[in-house]
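Reader: Could you take me through the charged side chains and what they pair with, slowly and one place at a time? I would like each term explained when it first comes up.

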Amino acid sequence: MKKKKIIVLGGTGFIGKNLVNYFSKQEKYLVTATFNKTPFLSNEKVKWVNTDLRDPKKIKNLFQDIDIVIQAAATTSGAKDIIEKPYIHVTDNAVMNSLILREVFHSDVKHFIFFSCTVMYPNSQKKLNEDIGINKLHKNYFGVGNTKLYIEKMCEFYSNISEKKYTAIRHSNVYGPHDKFDLEKSHIFGASITKVANSFDNNSVEVWGDGKEKRDLLYIDDLIDFVEKTIANQKRNFEVFNCGSEDSVSINHIVKRIIYFMNPKCKINYNKSKPSIKTNLLIDCSKARKEIGWFPKTSLDDGIKKTISWWKKNIKQ
């Protein structure tokens, strides 16, 4: 059987590392991955390419002899930057993806997979599907959300003028091994792991805001399974899919479960002066279940335990 040739863009990021680790172990794939400044782990089954995806000269011919492009490269950060420096998610990502999509169009790539996200969805207590009208984004997500929507539309545009497949995956809050665990750039899950790990001196952990806002947490292995099922089962040239746990849990609940598994004596202190984003998210993944046969398999408790286990082996000082 001829092996499919995959390139993972952003192979040293959180999602990228997990994709590279998984696909390099599958015999039916040959894996190439890109990195820019972040060092990569040596893997004899992976061909690494050092490039800046924002530079058209650096990505010229990058996709020669590639079947599938998985776009996991992005400028990302946590809630603090989203509120204080929202522009950092806009320019780099818009430029990068525009150049990548043009280069993909001029190549023999068969399938382009883009990690969008759910930041464009409105605050809701009800499940939201892909067909919901998006006309008013939360003020803190206006820049990044519209950038994601622009890239989705670029995927649709190129699908209409070529025979290639394009997939935009609107994933929820992904967590797991290789996540960011520093307090400056991490999201709620990684930051909470670090805060609870540092809580043993005073048995106290700080939560920004009141912790009542709700999130949908998706374990990284379920996202990778989604990518593989998309490669195998997507029928149409362009699709937008929701990808989440289909459960909405408060930040309070997330932190309390992490405390339960790491330091049961720890108590929560709420700092309402710190930035928090007052939105609730709950998404409907029935389209993915029906069209590509995917559904989330990892419970929140199992995902937390797996992540803590990895953290203790790889991050704990």
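Author: In helix α10, Asp 302 and Lys 305 are three residues apart, which means that about one helical turn separates them; helices here are DSSP runs of H or I with at least four residues, strands are runs of E with at least two, and both are numbered from the N terminus. These two residues form a salt bridge in which the closest N and O atoms are 3.8 Å apart, the term meaning that a side-chain nitrogen of Lys or Arg lies within 4 Å of a carboxyl oxygen of Asp or Glu. Asp 302 is partly exposed at a relative accessible area of 35%, and Lys 305 is partly exposed as well, at 43% (buried is under 20% relative accessible area, exposed over 50%, and partly exposed in between, with a 1.4 Å probe and protein chains only).

The model is a predicted one, in which local features need pLDDT of at least 70 and side-chain atom pairs count only at pLDDT 80 or more, while totals for chains, interfaces and linings use all residues. Residues are numbered from 1 along each chain as its sequence is written, and side-chain values rest on heavy atoms, with hydrogens and water left out.

The count of salt bridges comes to 16. One of them joins Lys 127 to Glu 246, with 3.8 Å between the closest N and O atoms. Lys 127 belongs to the loop between β5 (111–115) and α5 (142–160), whereas Glu 246 belongs to the loop between β11 (238–243) and β12 (249–250), so this pair ties together parts that are 119 residues apart in sequence. The two partners also differ in their surroundings, since Lys 127 counts as partly exposed at 45% relative accessibility, while Glu 246 counts as buried at 16%.

Another salt bridge brings together the side chains of Asp 52 and Arg 54, at 3.0 Å from N to O, and here Arg 54 is partly exposed, its relative accessibility being 34%. Between them in the sequence is Leu 53, placed in the loop between β3 (46–50) and α2 (56–59), and this residue counts as buried, at 6% relative accessibility. Although Leu 53 and Gly 10 are 43 residues apart in sequence, their C-alpha atoms are 9.0 Å apart in space. If residues up to four places away in sequence are not counted, Leu 53 touches several others, among them Leu 9, Thr 34, Ala 73 and Ile 100, where contact means heavy atoms within 4.5 Å.

Salt bridges can also be linked into a network, as they are for Arg 236, Glu 239, Lys 287 and Glu 291. Lys 287 has a further partner, for its charged end sits over the ring of Phe 241, 5.0 Å from the ring centre; the rule for this asks that NZ of Lys or CZ of Arg be within 6 Å of the ring centre and within 35 degrees of the ring normal. In a similar arrangement, the charged end of Lys 297 sits over the ring of Phe 295, at 5.8 Å from its centre.

Rings also pair with one another, and the count of aromatic pairs is 14. In one pair, the ring centres of Phe 226 and Trp 294 are 5.0 Å apart and the planes stand at 65 degrees, so the pair is edge-to-face (rings of Phe, Tyr and Trp, for Trp the six-membered ring, pair with centres within 6.5 Å; planes under 30 degrees apart are stacked, over 60 edge-to-face, and the rest tilted). Both residues are buried.
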